[in-house]
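Grab a pencil and have a go at these short exercises. Each one comes with a solution worked out in steps.

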Amino acid sequence: MIDISAFNYVAFMASPLFCIPLTLVAYLVGTKVYDISGKNIFLQPIVTGIVLVMLAIMLLDLPYEQYFSGAQIIHFLLSTATVALAIPLYLNIKHIKASLRPLILTLLMSGIIASATAVAIAGLLGASLEIMLSLAPKSITTPFAMGVAESIGGYPPLTAGFVIFTGIVIAVAASPIFKWLNINDPIIQGSALGMIGHGIGTARALELSNKTGAFSALSMGLMGVYTSIFLPYAVKLFI
């Protein structure tokens, strides 16, 4: 007979057997809610999924570090899945070549503006230097952003939080802003989502159209490389 009293619930909740299904179920529930709501932009699966996981680990009193360790394989697969973004890039290579020059010019400007405005607003609100440096790489994807934050003197975990928050805000706000400003060009929409909203913005762009997703994926990658090179030099220049 199995001795149930000997079962270690704490160890089980911190294991992949619990953390991976928890993450997948939260995403599936989020997807269902998104479909039922008629694809309400405020109920995107990445938003509701994060909220559900947060509620679950809070109710279970499961430390985030233990949850992340248990769901580590999903984090690994996220990196490899990024390679799949090459497919829409390949399918739209003709449009990308035709738009490369304005895209690069926009990238150079938006990289400076995205970092400078965040740092300036934080400084005006009285944030410390470390907080401002953690905010500076908020518009690039998490692996790039955490490395940049560490190299310039910011807090990588705090930067990861800023990156996710920025992506969610961009994913939610993008469509209303596009509609308000009458922006219907998928090249402009995709570039904006990728340059500012990184991976989360790209997920939203792929929902809009294949072409929008292709330009978002390209912009996200270029912005990550550009900011990783530009930002450390800019910080040394001004601080």
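**Exercise 1: Placing Leu-91**

Leu-91 sits in helix H6, which covers residues 86–91. Keep in mind that this is a predicted model.

Task: decide whether Leu-91 counts as buried or exposed.

Solution:
- Start with the value: the relative accessibility of Leu-91 is 56%.
- Next, the cut-off: a residue is exposed when its relative accessible area is over 50%.
- So Leu-91, at 56%, counts as exposed.

**Exercise 2: A partner far along the chain**

Task: work out how Leu-91 and Lys-211 are placed, in sequence and in space.

Solution:
- In sequence, 120 residues separate Leu-91 and Lys-211.
- In space, their C-alpha atoms are 8.4 Å apart.
- Now look at the whole chain: of its contacts with a separation of 6 or more, 65% are between residues 24 or more positions apart.

**Exercise 3: The overall fold**

Task: say how many helices and strands the chain has, and why it counts as being as compact as a globular protein of its length.

Solution:
- Count the elements: there are 13 helices and 0 strands.
- Compare sizes: the radius of gyration is 20 Å, close to the 18 Å from the globule rule for 239 residues, so the chain is as compact as a globular protein of that length.
- Check the box: along the principal axes, the C-alpha atoms fill roughly 70 × 45 × 30 Å.

**Exercise 4: Inside and outside**

Task: find what share of the chain is buried, and what its surface is made of.

Solution:
- Of the 239 residues, 39% are buried.
- The accessible surface is about 13800 Å², and carbon and sulfur atoms hold 75% of that.

Definitions and conventions
Residues numbered from 1 in each chain as written. Predicted model: local features only at pLDDT ≥ 70, side-chain atom pairs only at ≥ 80, totals over all residues. Heavy atoms only, no water. Helix = DSSP H or I, 4+ residues; strand = E, 2+ residues; numbered from the N terminus. Rg over C-alpha atoms; globule rule 2.2 N^0.38 Å. Buried < 20%, exposed > 50% of the residue type's maximum accessible area, 1.4 Å probe, protein only. Contact = heavy atoms within 4.5 Å. Areas by Shrake-Rupley, 256 points an atom, 1.4 Å probe, with all protein chains shown as cover.
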